[in-house]
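Dear colleague,

I am passing on a structure for you to look over before we talk. Please open it first, and then read my notes beside it.

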Amino acid sequence: MTAADAFLCRPAPLVAPDLLGWRLAIGGLEARITETEAYHQVTDLACHASRGRTRRTEVLFARPGTLYVYRCYGIHWLLNLVCDQVDVPSAVLIRAVAMPGVDPRLSNGPGKVTRLLGLGQRHHGIHLSTGEVRLLPPSVPSARHRCGPRIGVDYAGAPWALKRWRWWEAGFPVVPHRG
DNA sequence: CTCTAGATCTAT
DNA sequence: TAGATCTAGAGG
């Protein structure tokens with residue numbers, strides 16, 4: 001079991017803040033995670049698995065460390081890391097990353113993250129252990145964390161739309177949405 | 001089969 | 001503030 005595996009074997013709302021500062025590595029690119037959002041179990045009406053176990057959501061029930069990549073608004077691919085335990089659908093959405101030499105405006109949104117790193121359909125369902133996409137511990141201490149409500153989940157209603165399950169690194173160029 | 005809404009982003 | 005553009009999932 002790698003450090004990343006043990007790290008992810010916890011509920012998403014615990015993993016998400018701890019994931020700040022960790023790095024994603026793929027195809028020679030490396031990016032530091034600066035904003036995350038938790039989607040937690042079937043009771044969370046904002047979580048795709050809340051409607052049950054279907055072909056689309058099957059991956060959310062897989063081993064922690066599995067990648068859940070899905071199409072959003074017909075345009076964007078969004079990357080999630082599956083957490084917790086097998087059969088417990090819990091995942092962290094990677095909302096923003098930082099890459100040296102890259103304009104932060106190109107990496108401060110979940111759709112931008114996948115575009116920047118070249119992630120898409122073909123990464124859906126693969127596991128970190130394949131090495132195709134790697135999750136590495138922080139190389140430097142992470143900045144102070146801030147948290148706030150999740151984005152774009154008003155439809156889930158209270159209390160789910162109100163949960164402060166989004167975390168980001170303070171002092172980092174603020175994302176173009178409320179917070 | 002048809003319909004609808006959506007974990008977004010950009011330009012206007 | 002609208003438009004781009006694709007699917008899962010629900011309903012008939």
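The notes below take up the two DNA strands and then the pockets.

This is a predicted model, in which local features need pLDDT of at least 70, side-chain atom pairs count only at pLDDT 80 or more, and totals for chains, interfaces and linings use all residues. Residues are numbered from 1 along each chain as its sequence is written, chains are lettered from A and ligands numbered from 1 in the order in which they are written, and side-chain values use heavy atoms, with hydrogens and water left out.

DNA strand B

A residue is taken as near a strand if one of its heavy atoms lies within 4 Å of it. There are 22 residues around DNA strand B, and those that come nearest are Tyr-70, His-76, Asn-80, Gly-111 and Tyr-155. Sugar or phosphate accounts for 57% of the atoms of DNA strand B within 4 Å of the protein, and the rest belong to bases.

For polar contacts (pairs of N or O atoms within 3.5 Å; within protein, one must be able to donate a hydrogen and the other to accept it, and residues adjacent in sequence count only if both atoms are side-chain atoms), a short run of backbone atoms can be listed. A phosphate oxygen of DNA strand B lies 3.1 Å from a polar backbone atom of Pro-110, a backbone N or O atom of Gly-111 is 2.7 Å from a phosphate oxygen of the strand, and a polar backbone atom of Lys-112 is 3.2 Å from a phosphate oxygen of the strand. The elements that give two or more residues to this surface are strand 3 (67-72), strand 4 (76-82), strand 5 (90-98) and helix 3 (110-117), where helices (H or I, at least four residues) and strands (E, at least two) are DSSP runs numbered from the N terminus. Helix 3 gives the most, with 4 residues.

DNA strand C

The residues around DNA strand C are Thr-54, Arg-55, Arg-56, Thr-57, Arg-71, Tyr-73, Gly-74 and Ile-75. Of the atoms of DNA strand C within 4 Å of the protein, sugar or phosphate makes up 65%, with bases as the rest. An N or O atom in the side chain of Thr-54 lies 2.4 Å from a phosphate oxygen of DNA strand C, whereas a backbone N or O atom of Tyr-73 is 2.8 Å from a base oxygen, and a polar backbone atom of Gly-74 is 3.1 Å from a sugar or linking oxygen.

Pockets

On a 1 Å grid over the protein atoms alone, with a 1.4 Å probe, a pocket is an open set of points with protein on both sides within 12 Å along at least five of seven lines, and lining residues have an atom within 4 Å of a point. Grid points are joined across faces, edges and corners, and a volume is the space filled by probe spheres set on the points.

The largest pocket holds about 640 Å³ of space. It is lined by 32 residues, of which Tyr-70, Cys-72, Tyr-73, Leu-78 and Pro-110 are the closest to its centre. Helix 3 supplies the largest share of this lining, 5 residues.

The second largest pocket has a volume of about 160 Å³. Among its 16 lining residues, Ala-31, Arg-32, Ala-98, Met-99 and Pro-100 are the closest to its centre, and strand 2 gives the most to the lining, with 3 residues.

With best regards
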